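Work through the exercises below with the structure in view. Try each task before you read its solution.

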2 protein chains.
Amino acid sequence: MTEDEICRGASLSLPPDVEEALCQCGGIAGLVERLPEEGILERESALHRALADPFRLKILAMLAVQPFCVCVIKAVLGIADSKLSYHLSVLKTAGLIVGEAQGNWIIYRLTGEGSVWAQQIAGSGRS
Amino acid sequence: MTEDEICRGASLSLPPDVEEALCQCGGIAGLVERLPEEGILERESALHRALADPFRLKILAMLAVQPFCVCVIKAVLGIADSKLSYHLSVLKTAGLIVGEAQGNWIIYRLTGEGSVWAQQIAGSGRS
DNA sequence: ACACTGTTTCAAATAATGTTGAAACAATGG
DNA sequence: CCATTGTTTCAACATTATTTGAAACAGTGT
């Protein structure tokens, strides 16, 4: 096996410049090694999945103003109770919001990570 | 209708502190107004949907090192051609990567937005 | 023209997510 | 204890995303 074949990690034919760059990265094996760990990728993709819905982004945007109870969020979004509850649970599971009982109501607010993302949403329409 | 009722936008009963805060936000109507536009929310959630998969995060991570052709990406990820092609198309549609033909191969690289997100992934395991 | 390689497309099967309405729960006030 | 209000849970269903394998396409070299 030639040195080039070792670099490539298999017998791939490639454009010359890609092949050279690949060698400098330690070949296929080198690239595989430097990928983020599976656990990190899982967590990261789960986070983005939670952010991948307009209702949920709206919820984060309004909680960035102020913590609110479910009934206010419901009035702003104009959706059914159970639907809202589902989306709240997705955000809660992702660690973006937390709910705390206060008398008759449950007040939801952003977590630290939730407010980072809420800011990002607020800023996404900037010029 | 009392001023409070105007603030609430409807006859909701609320914890006193939430009610006051709601009034200062312009009530339900005020909150609805300050939500990001529908178009922005759609775009933002579509972006996160594209980032919501470990294979796609891996692709972004490796393209952050260097542009590569499909066959190298395939070797690193160890998945079938058509599956990879699907994930590449999701990333392409989201504007995170672009592919350019070069001889026999198609070389994919990050767009500006793609590299912003790729950095975010790379940094997510930091101490 | 032919065979080959790298890549994409397609349709069918499967899996994951989101929606709905009804029912359940928990706390409050009568 | 009962009725009410705010919220969650559940199961059925609808929708959307992902995976698969086969077939198609485009470009190269023969």
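**Exercise 1. Find the contacts to the phosphates of DNA strand C.**

Start with a backbone atom. A polar backbone atom of B:Ile106 lies 3.3 Å from a phosphate oxygen of DNA strand C. Note that this is a predicted model.

Next, take the side chains. An N or O atom in the side chain of B:Ser85 is 3.2 Å from a phosphate oxygen of DNA strand C. For B:Tyr108, a polar side-chain atom is 2.5 Å from a phosphate oxygen of this strand.

**Exercise 2. Describe the protein surface near DNA strand C.**

Step one: count the residues. DNA strand C is surrounded by 19 residues. The closest are A:Tyr86, A:His87, B:Cys71, B:Ser82 and B:Tyr108. Of the atoms of DNA strand C within 4 Å of the protein, 71% belong to sugar and phosphate.

Step two: find the elements. Chain A brings H5 and H7, and chain B brings helix H6 (70–77), H7 and strand E3 (105–110); each supplies at least two residues. H7(A) has the largest share, four residues.

Step three: sort by type. Eight residues of the surface near DNA strand C are nonpolar, seven are polar and four are charged.

**Exercise 3. Do the same for DNA strand D.**

Step one: count again. There are 19 residues around DNA strand D. A:Cys71, A:Tyr108, B:Ser13, B:Tyr86 and B:His87 come nearest. Sugar and phosphate make up 70% of the atoms of DNA strand D that come within 4 Å of the protein.

Step two: look at the phosphate oxygens. The side chain of A:Tyr108 has an N or O atom 2.5 Å from a phosphate oxygen of DNA strand D. For B:Tyr86, a polar side-chain atom lies 2.4 Å from one. For B:His87, an N or O atom of the side chain is 2.5 Å from one.

Step three: name the elements. Chain A supplies at least two residues each from helix H6 (70–77), helix H7 (81–93) and strand E3 (105–110). Chain B does so from helix H5 (54–65) and helix H7 (81–93). H7(B) gives the most, with four residues.

Step four: sort by type. The surface near DNA strand D has eight nonpolar, seven polar and four charged residues.

**Exercise 4. Work out how chain B relates to chain A.**

Superpose the copies. A turn of 180 degrees, with a shift of 0.0 Å along the axis, lays chain B on chain A with an RMSD of 0.0 Å. The two copies are therefore related as by a two-fold rotation axis. The same surface serves both copies, for 100% of the contact residues of chain B recur in chain A.

Now locate the axis. Within chain B, the C-alpha of B:His48 comes closest to the rotation axis, at 2.5 Å.

**Exercise 5. Check helix H4 of chain A and see what covers it.**

Begin with length. Helix H4 (residues 38–50) of chain A has 13 residues, so at 1.5 Å a residue it should span 18 Å. Its end C-alpha atoms are 18 Å apart, which agrees.

Then list the buried residues of H4(A): A:Leu41, A:Glu44, A:Ser45, A:Leu47, A:His48 and A:Ala50. Their cover includes helix H5 (54–65), H7 and helix H8 (112–123) of chain A. It also includes helix H4 (38–50), H5 and helix H8 (112–123) of chain B.

**Exercise 6. Is B:Asn104 buried or exposed?**

Place the residue. B:Asn104 is in the loop between strand E2 (97–102) and E3 of chain B. Its relative accessible area is 69%, so B:Asn104 is exposed.

Finally, compare sequence with space. B:Asn104 and B:Leu47 are 57 residues apart in sequence, and their C-alpha atoms are 30 Å apart.

Technical notes:
Residues numbered from 1 in each chain as written. Chains lettered and ligands numbered in written order. Predicted model: local features only at pLDDT ≥ 70, side-chain atom pairs only at ≥ 80, totals over all residues. Heavy atoms only, no water. Near = heavy atom within 4 Å. Polar contact = N/O pair within 3.5 Å; in protein donor to acceptor, adjacent residues only side chain to side chain. Nonpolar A, V, L, I, M, F, W, Y, C, P; charged D, E, K, R; others polar. Expected span 1.5 Å × (residues − 1). Buried < 20%, exposed > 50% of the residue type's maximum accessible area, 1.4 Å probe, protein only. Contact = heavy atoms within 4.5 Å. Least-squares fit on C-alpha atoms with pLDDT ≥ 70 in both.
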